[in-house]
Amino acid sequence: MKPLGGARFTFALALLFVLAVVVGVFVGPASLTPREVFAALTGGGGPGAAIVWALRIPRVVLGLLVGGVLAVSGASLQVLVRNPLADPYLLGLSGGAGLGAVLAMTAGVGTPWLVPAAAFVGAVATMGAVYALASAAGGALDGRVLLLAGVVVGAFAGALVSGILAVSASQGARTALVWLMGGLGGVGWPGVLALAAYALPGLAVLAAEARTLNLLAMGEEPARHLGADVTRSRRRVYLAASLLTAAAVAAAGIIGFVGLVVPHAIRILRGHDHRVLLPAAFIAGGALLVLADAGARTAFAPLELPVGVVTAVVGVPVFAFLLRRWTARSSS
Amino acid sequence: MDSPVFELSGATVRYGRGLAPSLDGAGFRVGAGEIVALVGPNGAGKTTALRALLGLVPLEAGRAEVLGRPVRSWRPRELARAVGVVVQREEPAFPVTVEETVTMGRYAHAGPWRALGDADRAAIRRALDRADVAGLRERLVQTLSGGEWQRVRVARALAQEPRALVLDEPTASLDLRHEMELFELVAGLVREEGLAALVVSHHLNVAARFAGRLVLVHGGRVVADDVPERVLEPARLAAVFGWPVAVQRLPDGTVQLYPERRPVAPGGLS
């Protein structure tokens, strides 16, 4: 597929973003008419004001941030493991962040500011475990071995989480159980603020490393000779991707496939220049998660699906398609 | 006198404690405007010498300098503006075009933030033309032939506007024509732009045709460093490669060698 031109791509991205925001703000289980939503937005008050400002808008902003952050994290990890099928979920980062977050919640320190920190510790520890496992198997530089190690370590973290929740009697355990399913509800503005504060340094680091990611995609040796400080850059990208994943998981639980499918789709549509890919993945990932969340809120209203269910239902078939495409190409 | 572009002297490299050194007091220089070929049998230490010279392995003893400065004191970006390297194997993880690939040669100049300017675009255009790959600009590198891919990587190295080129086995998988084309390209760059070129090669005859000097490495030491006709002596080569060879002088003065036939007794392969 030939990459889209810059102008058309930017337009499509802008359209997707606007669509997501409009759908996110106007659609929901509370049956507000578009006129009521509009009145609330323009400061006209009315019955919808509380719902729009306290529930829907923070939820849309949270969705934009979580989806965007997961997609950027996935796009960077794909370079580090040299495999377009990598993402924070498959590499075990999400699971590790989840474990850290659950530990914080059950220990009774589940505040919006402490949970991301605990999740970050969990994500970094997981990354270390994944690397140790892959190195022990002699395949630390083989993307496939790393992914396999990631799946194993992620499953282990998941088992620990289940175990902790089963034996914990604390109030935090119930909160954690609901949170774990993955969702954008019930966080509100404090959660949005914490996520933004944690994500910002990670995003800044990755923006500074965008050109280095292009070099690293060529291989470590060529990257070095083209001027990359390979060891330092790899470490920085890992930490940044872990921080982004941790912030997203702490805010919204474990949401799979956004980090995989979104960057991969942008790679197909627009190519592999990470200076374009990272911001595009951020916008598209956020917009798609907001749309998925709108679906989750309305499909079985008044009941609400965890948004992770929606991303999995959409993401798994897309992943299967990408996997086929990828294996077909690498075997030809 | 200007300091040489590359200088290795008394360099010793050991990859592990208690292991025999992979490089054992090796030294040679490469000056501007000359092609030096690093030759020797498998495992002689050619690649290690290259890695030492590029600062990729620490030295146990000796010096490795680029333009008169210890190579390990160069920052990667600085070094990439002085030395362009074409490594042996390179497989991009994602499909990229020729133009994107050559553009990466400018990153060392632009750094993380600066947008590419007119000077960068001019350097890219010149590099594409010089390596004769301008017509391939839009192609994905994954669809190129071996010879085209090598030329694209030389173009990317040229876009770095370096003082020196280093090529590690650049023609290992190329056929005769593409091998000659690549060496003619490098020879032209050295002649016309005054670059220094260091080429690691297994192909002694091609090296003898193009290089001003051959540095013959054996057992981690430099056993000969001279013009090709003085390095390619049958007795020395037989001792280094463990196989009898004869040499012949071409009308233009270059020396070419050919291996003798010799039966190998069953079980006699060493």
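**The interface between chains A and B, and a hairpin in chain B**

In this predicted model, chain B and chain A bury about 2400 Å² between them, and 63% of this area lies on carbon and sulfur atoms. Three residues of chain B, namely Pro76(B), Phe94(B) and Tyr107(B), supply 28% of the area that chain B buries against chain A, which is more than any other three residues contribute. In terms of contacts, 31 residues of chain B meet 24 residues of chain A.

The polar side of this interface can be described by two counts. Between chain B and chain A there are zero salt bridges, whereas six residue pairs, with both residues at pLDDT 80 or more, are in polar contact. On the side of chain B that touches chain A, the elements that give two or more residues are the helices α2 (76–82), α4 (107–110) and α6 (146–159), together with the strand β6 (83–86). When the residues on this side of chain B are divided by character, 21 are nonpolar, five are polar and five are charged.

Chain B also contains a hairpin, which is formed by β11(B) and β12(B) with five residues between the two strands. Strand β11 of chain B covers residues 245–249 and strand β12 of chain B covers residues 255–259, and the two pair in the antiparallel sense over five bridges. Within this pairing, Arg249(B) stands opposite Val255(B) of β12(B). In the turn of the hairpin, Gly253(B) has a positive phi of about 100°.

Note on methods: Residues are numbered from 1 along each chain as its sequence is written. Chains are lettered from A and ligands numbered from 1 in the order in which they are written. This is a predicted model: local features need pLDDT of at least 70, side-chain atom pairs count only at pLDDT 80 or more; totals for chains, interfaces and linings use all residues. Side-chain values use heavy atoms; hydrogens and water are left out. Two strands pair if DSSP finds at least two bridges between them. Helices (H or I, at least four residues) and strands (E, at least two) are DSSP runs, numbered from the N terminus. Contact means heavy atoms within 4.5 Å. Buried area is the accessible area (1.4 Å probe) that two parts lose on being put together, summed over both. A salt bridge is a side-chain nitrogen of Lys or Arg within 4 Å of a carboxyl oxygen of Asp or Glu. A polar contact is a pair of N or O atoms within 3.5 Å; within protein, one must be able to donate a hydrogen and the other to accept it, and residues adjacent in sequence count only if both atoms are side-chain atoms. Ala, Val, Leu, Ile, Met, Phe, Trp, Tyr, Cys and Pro count as nonpolar, Asp, Glu, Lys and Arg as charged, and the others, Gly among them, as polar.
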